[in-house]
Amino acid sequence: MDPDEFDVYPISHNGKVYNLITAFDLSFQEVRAMLDWLDERGAFRATPGDDFMGPGKLFTLTVLGVTFEVDVQGYEVIVYRRSP
């Protein structure tokens, strides 16, 4: 995937502002379900390992029948793959 294909979408959800970085067309339902899933698992919290390994955390998740592979860096969510 070419990095030039990615677009940045600021998303306000549950009182927080995220940057969704993706080359895919996603529905608002998918985005909100993805953010809820990640938040429930603490994906946006800083950990002691962030200083050593960097802030990125990789996740594979399925919401609303769609599987996503994402990298979470603070409040930036980079979507690398979307599979129905």
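A residue is called buried here if its relative accessible area is under 20%. By that rule, helix α1 has these buried residues: E30, V31, A33, M34, L35, W37 and L38. The model in which they sit is a predicted one, and the helix is a convenient place to enter it.

Helix α1 consists of 13 residues. From its first C-alpha to its last it reaches 18 Å, close to the 18 Å expected at 1.5 Å a residue. Its buried residues pack against strands β1, β2, β3, β4 and β5. The helix lies across these strands and runs at about 125 degrees to β3. Just after α1 comes G42, with a positive phi of about 75 degrees.

The strands that α1 lies across can be taken next. An open sheet of five strands has the order β1-β2-β5-β4-β3, and its pairing is mixed. Strands β1 and β3 stand at the edges, and each has a single partner strand, so one side of each is left without a neighbour in the sheet. From one strand to the next, the twist averages 30 degrees.

The pairings can be followed across the sheet from β1. Strands β1 and β2 run antiparallel and are joined by seven bridges. Within this pairing, S12 has V17 in β2 as its bridge partner. Strand β2, residues 16–22, then pairs with β5, residues 76–83, in the parallel sense over four bridges. Here the bridge partner of T22 in β5 is V79. Strand β4, residues 66–73, pairs with β5 in the antiparallel sense, over seven bridges. V79 of β5 appears again in this pairing, as the bridge partner of V70. Strands β4 and β5 form a hairpin with two residues between the strands, and G74 in that hairpin takes a positive phi near 65 degrees.

Side chains add further links between these elements. In a regular strand, side chains alternate between the two faces of the sheet. Aromatic rings provide one set of contacts, with five aromatic pairs in the structure. In one of them, the ring centres of Y18 and F44 are 4.9 Å apart and the planes stand at 55 degrees, so the pair is tilted. Y18 belongs to strand β2, while F44 is in the loop between α1 and α2, 26 residues apart in the chain. Both residues are buried. Another pair joins W37 and F59, whose ring centres are 6.1 Å apart. Their planes stand at 85 degrees, which makes this pair edge-to-face. It links helix α1, where W37 lies, to strand β3, where F59 lies, across 22 residues of the chain. W37 and F59 are both buried. Y18 and F44 also belong to one aromatic cluster together with Y75.

Charged side chains supply another set of links, with a count of four salt bridges. One of these joins D39 to K16, with the closest N and O atoms 3.4 Å apart. D39 lies in helix α1 and K16 in strand β2, 23 residues apart. Both partners are partly exposed: the relative accessible area is 35% for D39 and 27% for K16.

A second salt bridge also involves the helix. E30 and R82 have their closest N and O atoms 2.5 Å apart. Because E30 lies in helix α1 and R82 in strand β5, the pair ties together parts that are 52 residues apart in sequence. How buried or exposed are the two partners, E30 and R82? E30 has 7% relative accessibility, so it counts as buried. R82 is partly exposed, with a relative accessible area of 27%.

Another salt bridge lies between two strands of the sheet. E69 pairs with R81, and their closest N and O atoms are 3.5 Å apart. E69 is in strand β4 and R81 in strand β5, 12 residues apart. E69 is partly exposed at a relative accessible area of 31%, and R81 is likewise partly exposed at 44%.

Taken together, helix α1 is connected to the sheet in several ways. Its buried residues pack against the five strands, W37 forms an aromatic pair with F59, and salt bridges join D39 to K16 and E30 to R82.

Technical notes:
Residues numbered from 1 in each chain as written. Predicted model: local features only at pLDDT ≥ 70, side-chain atom pairs only at ≥ 80, totals over all residues. Heavy atoms only, no water. Pairing = 2+ DSSP bridges. Phe/Tyr/Trp six-rings, centres within 6.5 Å; stacked < 30°, edge-to-face > 60°. Buried < 20%, exposed > 50% of the residue type's maximum accessible area, 1.4 Å probe, protein only. Expected span 1.5 Å × (residues − 1). Contact = heavy atoms within 4.5 Å. Axes fitted to C-alpha atoms, helices over the stretch in contact; angles between N-to-C directions.
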